[in-house]
Every structure is written in C-alpha cells, then in structure tokens.
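Here's a quick briefing to read alongside the coordinates. Have a look at the structure first, then come back for the notes.

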Amino acid sequence: MDAIVLARMQFAANITFHILFPAISIALGWLLLFFRWRYLRSGATDVKQAWLNAYRFYTKVFALTFALGVVSGVTMSFQFGTNWPGFMERVGDVAGPLLAYEVLTAFFLEAGFLGVMLFGHGRVSERVHLWATFFVAIGTTISAFWILALNSWMQTPTGHSVADGRFVVESWLRVIWNPSFPYRFTHMLLASTLTCAFLISGLSAWQLLKRSAPGAAPRVLRVGLTLAAVLIPLQIFVGDQHGLNTLEHQPQKIAAMEGLWETTRGAPLVLFAIPDGQARENHLELALPKLASLILRHDLDAEVQGLNDFRDRHPPVFAVFWAFRVMVGMGVLMLATSWLAWWLYRRSGWTPERLPRALLWWLAAMTFSGWVATVAGWWVTEIGRQPFIVYGLVRTADVASQVTAPMIGLTLTLYVVMYAALMLAYVAVLKYMAEKPEDVLAKEGAEHAATPPAAIPTATVQGNRQ
Amino acid sequence: MNWMPFDEALPVMFMALMGLSMLIYVISDGYDLGVGMLMHRATPDEKDVMVASIGPFWDANETWLVLGIGILLVAFPKAHGMVLTELYLPVALMLIGLILRGVAFDFRVKAHAARKPMWDRAFFAGSALAALAQGWMLGRYVSGFGSGWNYPVFAAAIAVTLPMAYVLLGACWLIMKTEGDLQRRALQWAKIAWAPMVAGLVLISMATPWISATVRARWFVLPEIIALSAIPMMTGVALLAVRALLNTRQVLGPVCWLPFVLLIAVFVLSFLGLAYSIYPYVVIDRLTIWQAASSAAALKFIGVGVCISVPAIAGYTVFSYRVFRGKTGELRYA
C-alpha cells in the first residue's frame with residue numbers, strides 16, 4: 001500500500017484510540033463533581049453513602065480512563081513529527097502555540113490537582129478535595145478547547161497570512177474563534193456528555209443485573225438516563241447547525257456525506273448507497289427525493305453542489321458517507337433508548353426492581369454506544385477534510401514523511417494490536433469493577449496504606465513504625 | 001560584553017528549557033523505569049511496595065517528556081520532523097513500552113487478581129522496552145544519525161548502558177524509599193548494576209569524540225580542556241563514592257538518600273557534558289538552534305504560557321515530593 005495511506009491509517013488509528021478516553025473523561029470530571037456535590041448535600045446517611053460510593057467508584061473509572069488518555073496522547077505528540085513532519089514546518093507558528101497551551105494546561109491540571117483528587121481522599125479537607133475535583137473537570141474541558149481550536153482552524157482556517165510557504169498569525173482571536181470552532185466545540189462537549197451518560201447508565205444497568213452496588217446504581221442510572229434524554233435533542237440541533245456551517249465552508253464534505261455526485265436542484269436524501277469513487281456514482285441507491293435540499297437549504301428546490309464540482313479536491317466518499325450514517329443511526333438509537341428507558345424508569349417510581357430485565361440488558365449493551373457515535377463523527381469530519389491537512393491550503397501528501405511503507409506498516413500493526421488489546425482490557429476491567437465495586441474500593445484502601453503518608457508529619461509516622 | 005539581541009536569544013532559552021525538561025524526565029522517569037525493570041526479581045508483596053513507591057510520581061514524571069517533546073515540536077518544528085523521522089522505529093517502540101508500563105500501573109490493581117501477574121510482566125516488559133529504545137535514540141542522536149558500521153554499534157552500546165543506569169538509579173531509589181528485606185535486596189541489585197553501567201559510561205565517553213569530529217573539536221583544545229576536565233573527574237568521583245557507599249552499613253540507615261542524590265549528580269554532569277558537545281546544534285552538524293526555531297512572534301506567545309506554567313509545575317513537583325517523602329509503607333490488606 002501507499003506510504004501516505006498507511007501513515008494516514010496509523011495516525012487515524014492513534015487518534016481514534018485516543019479520543020475514546022477524553023470522550024469519557026471530559027464529561028466524567030463534571031459528573032464526579034456532581035456526585036461529590038450530591039454527597040455533601042444529602043442528609044440521610046444511606047443516601048450520603050450511596051453518592052460517596054458512586055463518587056469513589058467513578059473516580060476509579062476516571063483514573064483508568066485518564067491514564068489511557070495520557071499514554072495515547074503522548075504517542076500523538078510524537079506522531080506529528082513521525083508522520084507529518086512538514087505540517088509543523090509550515091503551520092508551526094499557528095499550531096505550535098495552540099498545542100503548547102494544551103500541553104501546559106493539561107500539565108498544570110495533571111500535576112496540580114489529579115494527584116490530590118486520586119490520592120488525597122481523606123488527607124485534605126472536603127472543601128479542598130471538592131475544589132481539586134472541580135479543577136480536574138475544568139482542566140479537561142480547557143484541554144479540549146485548545147485541541148478543538150486547532151482542529152477547527154485546520155478545517156476553516158482564518159486569521160493568518162502566508163509568507164514563503166510558512167503560515168504567520170495575524171490575529172490569534174480569529175485563529176482560535178474560527179468559523180467552525182464554536183459549533184465543533186459544543187458538538188464535542190455534548191458528545192462527551194452523552195458518551196458518559198450511556199457509560200454510567202450501562203454500567204449501572206449491569207450492576208443492577210448483577211446486584212452489586214445496590215445504593216449507588218439506581219441513582220446513577222437516573223442521572224445517566226436523564227442527562228441522555230435531555231441532551232440528545234439538543235445534540236441533534238447542534239449537529240444540524242454544525243452541518244449548515246460545514247455546508248457554508250466545506251461544501252465538498254457535505255456532498256460526500258450526502259453521496260451527491262452532480263450538482264442538483266432539489267437534491268435527494270440518500271438513505272442507502274454504495275458510493276464508488278472509481279466510477280464516480282452510487283450503486284444500489286435508495287433515496288427520498290428533494291429532502292437533502294430541504295434539510296440543507298430549507299427549500300425543496302434549492303441547489304446543492306455535487307462532488308464533480310470538486311474533482312481532486314474532495315474526500316474519499318465511501319468512508320465519509322457511511323461514517324455519517326453510522327453516527328446519525330447511532331444517535332437516533334440513543335435517542336429512542338434514552339427516552340423509552342427514562343419514561344419506563346419514571347413510571348416505575350425510580351425503583352429499578354420494577355424495570356423489565358430486557359431493558360437493563362439493552363442499556364448494558366448500549367454502554368459504549370457513545371464511543372461509536374463519537375468516533376464515526378470524527379471520521380466524518382477528519383476524513384472529510386482530505387485531501388487537505390489544512391483545508392484548501394495545505395495538502396496532506398505535501399507534508400508526509402519520507403519513511404518507507406514497510407516500516408509504517410510494521411509500526412501500524414504493532415500499534416493496532418496493542419490498541420485492540422488495551423481496549424479489550426479496558427472494557428473487561430470496567431465490567432469486573434462494576435461487578436465487584438467493593439473489591440476495587442478495598443484495594444484502594446490497600447493502595448493508600450502503601451503510599452507514603454501525606455500531610456501527616458514525618459515524626460509521627462516514624463514514631464508509629466518504631 | 002556583547003549580549004545577543006532578545007529575538008536571537010529566545011531560541012537559546014527555549015533550547016535550555018527543553019534540555020532541562022529532558023534532563024528532569026531522564027532522571028525522574030529513569031528511576032521509575034529502573035524500578036520497573038527490577039520488578040521481576042521481587043516477590044509479589046515487594047512488587048506492590050515497589051509500585052507504591054513510584055505511584056504518586058510517575059504520571060507527573062512522564063509529562064516532562066511531553067513538555068520536552070512539546071517544546072521541540074512547537075519551538076523547533078524543523079528539528080522535530082528531522083529527529084523523529086530518523087528515529088521512527090525506536091520512537092514507536094518506546095511509545096509502545098511507555099503505554100504498556102503506564103496502563104499496567106492502573107490495570108494491575110483494578111483487574112481481576114488472577115490477571116495481576118500478567119500486568120506485572122507487562123509492567124516489566126514496557127519499562128525495559130522504553131529504556132532500551134531511549135538508549136538507542138540517545139546513541140543515534142549524539143552521533144548525528146551517521147551511517148557506517150560503527151554508528152549502530154555505538155548506538156547499541158548506549159542502548160544497553162542507559163537501561164543499566166536506570167536500573168542503578170531505580171535500585172538507589174528503592175534503598176532510599178523502602179526498608180527491611182526489600183531495601184537489602186535493592187542494595188544487592190545496585191551492586192550488580194554498578195559495574196556494567198560504569199563500564200558503559202567510560203566506553204561511551206571515549207567513543208563519542210571518536211565517532212564525531214564536532215565533539216572532538218569542542219573538547220580537545222587548550223585551554224578549554226583544562227576547565228572541561230572537571231566534568232569527567234567529578235562524574236568519576238561521584239560514581240566511586242556511590243560504589244563505596246554501597247559497601248557501608250550506613251547506607252541502609254541514615255545516609256540511604258546519598259547514593260540516589262550522587263547518581264542524580266552523575267546524570268546532571270553527563271547532561272552538561274552532552275549539552276556542551278552539541279551546542280549550538282539541535283541536530284549535530286545538520287541544524288542549528290536558530291535554523292530550526294519557530295518565528296520570534298510564536299516563541300513569545302508560547303513564552304507567556306511557559307512563564308506562568310513552568311514555575312507552577314516546578315512548585316507542585318517540589319510540594320508533591322515533600323508530601324510523599326519518607327519510606328513507603330508495607331501493604332496492609334484491610
């Protein structure tokens with residue numbers, strides 16, 4: 001295979017693996033803060049204990065998720081150079097500072113507050129610990145801010161000028177607040193929240209089936225389902241706005257998403273097709289007439305530009321077309337699931353024993369549905385930017401490395417095997433933790449005992465040992 | 001005295017900061033990786049103590065690598081591309097090692113108990129792979145990515161020496177942070193690791209000027225060589241002191257911290273020697289600091305963030321080491 005295709009696959013494998021974990025940790029930080037707050041606000045002892053258990057259990061999930069996010073993020077900081085050495089050479093003055101601020105922010109958060117949050121339980125006051133949790137949550141969100149600012153700039157670049165092939169920043173405000181950034185940032189934050197909502201609903205459903213975590217699971221399930229039921233309609237609205245923004249700035253991406261080859265008045269909405277990039281047509285097309293024009297232009301007879309207007313400047317159609325359908329399909333399934341489950345749960349008076357077991361099984365099956373939708377969405381937007389790395393300005397092929405195809409193929413295989421194993425391990429450990437939360441929390445006690453004493457004065461500790 | 005204009009000095013400052021990050025990374029993750037490479041020699045209970053002794057630190061330690069490589073990426077984009085293209089395969093292997101090691105930290109205590117030995121093996125393998133790859137990368141980098149039969153041999157020598165240095169550092173960390181049987185065993189491990197590490201260091205110090213004309217020209221000229229000879233001499237004294245200490249009884253008691261501190265001095269001195277050899281290049285003989293640097297405007301913009309964050313990071317690091325100072329306790333299963 002082509003070295004550049006392999007390099008793209010490798011980078012895609014890595015960012016796909018990486019995004020799974022921030023997609024959880026961005027929102028999980030805020031959920032932890034919520035659990036922590038409910039714990040502090042609750043009166044009855046058993047309710048208080050339930051929220052504390054939820055907090056401690058999901059702190060473990062957060063720690064594991066964060067660790068996987070860190071290690072795969074480290075990989076990414078290297079792959080910019082190994083896979084796209086020309087990228088930083090040309091747009092380094094734009095991308096560099098944004099990445100630097102992301103690293104410094106993440107750094108600051110990680111160094112400053114994660115340690116206190118994970119190891120400082122019971123060692124610092126409740127207030128300080130609550131603040132530490134807050135800073136971890138805000139830190140992950142700020143991290144996402146910088147990364148999405150850069151990503152959006154690569155999609156809709158503004159605020160720069162080009163001199164001798166190198167990009168120079170004219171206005172940081174316009175670089176950061178480029179046209180697609182507010183949409184992409186909102187879309188991603190909601191995606192993360194929904195991923196988390198289904199994760200905690202699914203894990204709680206599994207705990208209810210296995211009769212573990214009796215106090216926390218029903219409460220967490222209610223939080224998860226409510227979040228999902230409220231936010232999915234909002235996400236659909238934001239997604240639609242994001243799509244209209246894309247139509248304005250990257251029309252060929254929309255054409256690929258719709259599988260539309262020729263510029264058409266009253267363009268049809270293609271439900272199913274096998275787009276063929278060679279023949280430049282769709283096979284087995286099933287379409288609803290005029291609906292795409294209605295959705296995109298809010299007018300049945302409006303014109304929508306087709307891919308043939310953008311020869312050599314449009315993305316591979318098959319991948320974008322299908323990734324988009326997977327995302328939308330999963331979104332609809334998530335909407336139906338959350339509304340039905342929320343309604344049934346409410347009707348049962350929030351007593352999980354009265355819920356049909358099939359529903360709990362279904363929710364458990366949907367645990368990672370947010371991952372599918374998020375990854376599919378990222379594939380749409382990232383593959384949809386091709387063949388450019390900076391839309392309309394820098395082609396991916398022009399910044400690729402000189403590393404040979406077999407070498408890239410070898411490392412790609414190594415990465416993919418390891419990522420697959422780690423994903424399997426992650427899911428297996430979450431399942432195990434959900435089934436035996438008390439074991440995991442007991443081990444936490446052992447871990448604490450083994451860690452050198454924190455705020456305790458050394459003299460006391462030495463005294464104890466003698 | 002003739003001062004450099006600020007815009008010209010800016011890349012040098014970033015280079016210094018990058019070097020400092022890398023030095024802190026090598027020392028701090030060095031003892032982590034060293035402890036990881038000693039894991040297979042310990043009993044299961046000892047493994048728990050060993051992991052607990054590095055538990056609160058490793059995460060922050062690894063982020064120094066991100067900061068270092070991040071500065072290379074954003075401040076010296078050309079060098080980032082050139083270095084990482086040259087080191088493509090070892091970088092991939094190191095990353096795989098670091099990923100394995102990093103996730104094993106969490107998985108070994110969270111997964112089913114039956115899976116723990118497997119994650120411990122992953123911890124060992126990941127640490128060893130990362131250390132070997134780093135040694136190879138250092139060797140290739142110092143010799144300017146030259147081609148010819150002698151260059152790979154040189155890199156291979158460093159690839160073996162650096163893990164040895166990490167193991168020694170890790171063993172001295174354990175002497176400092178643990179007590180009882182584990183501490184005595186760590187002492188044995190340190191004694192075993194000392195000789196090969198020193199032999200490697202001596203060989204490399206002799207081979208570096210032979211392999212690179214640039215390095216030779218910088219070191220072997222009068223009068224510089226007189227002042228510079230302080231570096232190898234102090235390194236030698238520190239290493240001999242470490243070895244002598246390992247034979248004393250006090251090393252298990254009041255001066256348990258001294259071998260570790262002396263080793264840090266060895267790392268710092270080696271780093272200074274290396275920095276002197278390479279300056280003003282980023283990639284030896286191929287790319288100078290100024291050729292590789294981003295525009296002054298971009299560096300200034302990053303500089304603001306650096307000035308705020310780095311002192312905060314340093315402050316926290318000091319705080320964290322103070323909070324978690326003292327011996328790592330035995331495991332008490334509740």
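Helix α8(A) is mostly covered, with seven of its eight residues buried. Keep in mind that this is a predicted model. The notes below start with that helix, move to a hairpin in the same chain, and finish with some overall numbers for chain B.

**Helix α8 of chain A**
- Which residues of α8(A) are the buried ones? They're Gln252(A), Lys253(A), Ile254(A), Ala255(A), Ala256(A), Met257(A) and Glu258(A).
- The cover over those buried residues includes helices α7, α9 (291-297), α10 (317-347) and α12 (369-383) of chain A, along with strand β4 (269-276).
- Just after α8(A) comes Gly259(A), which has a positive phi, near 65°.

**How α7 and α8 of chain A meet**
- Helix α7 (residues 216-249) and helix α8 (residues 251-258) of chain A have axes that come within 5 Å, crossing at roughly 120°.
- Angles over 145 degrees would count as roughly antiparallel and 65 to 115 as roughly perpendicular, so α7(A) ends up oblique to α8(A).
- On the α7(A) side, the contact is made by Gly243(A), Thr246(A) and Leu247(A). Pro251(A), Lys253(A) and Ile254(A) do the job for α8(A).
- By residue class, this contact splits into three nonpolar, two polar and one charged.
- Lys253(A) and Ile254(A) turn up in both lists: they belong to the α7(A) contact and they're buried.
- As a general reminder, an α-helix has 3.6 residues a turn, so residues three or four places apart point the same way.

**The β1-β2 hairpin of chain A**
- Strands β1 (residues 160-163) and β2 (residues 166-169) of chain A run antiparallel and are joined by four bridges.
- What stands opposite Val162(A) in β2(A)? That's Phe167(A).
- Two residues sit between the strands of this hairpin, and Asp164(A) takes a positive phi there, near 50°.

**Chain B overall**
- Chain B has 14 helices and two strands.
- Its C-alpha trace spans about 65 × 40 × 40 Å along the principal axes.
- How does the radius of gyration of chain B fit a compact globule, and what is the value? A compact globule of 334 residues would come out near 20 Å, and chain B has 20 Å, so the two agree.
- Of the 334 residues in chain B, 52% count as buried.
- If you take the chain B contacts between residues at least 6 apart in sequence, 77% of them join residues at least 24 apart.

Technical notes. Residues are numbered from 1 along each chain as its sequence is written. Chains are lettered from A and ligands numbered from 1 in the order in which they are written. This is a predicted model: local features need pLDDT of at least 70, side-chain atom pairs count only at pLDDT 80 or more; totals for chains, interfaces and linings use all residues. Axes are lines fitted to C-alpha atoms, for helices over the stretch in contact, and angles run from 0 to 180 degrees between N-to-C directions. Angles under 35 degrees count as roughly parallel, over 145 as roughly antiparallel, 65 to 115 as roughly perpendicular and the rest as oblique. Two residues are in contact if their C-beta atoms, placed from the backbone, lie within 7 Å. Ala, Val, Leu, Ile, Met, Phe, Trp, Tyr, Cys and Pro count as nonpolar, Asp, Glu, Lys and Arg as charged, and the others, Gly among them, as polar. The radius of gyration is taken over C-alpha atoms; the globule rule is 2.2 Å times the number of residues to the power 0.38. A residue is buried if 20 or more other C-beta atoms lie within 10 Å of its own, exposed if 12 or fewer, and partly exposed in between; C-beta atoms are placed from the backbone. Two strands pair if DSSP finds at least two bridges between them.
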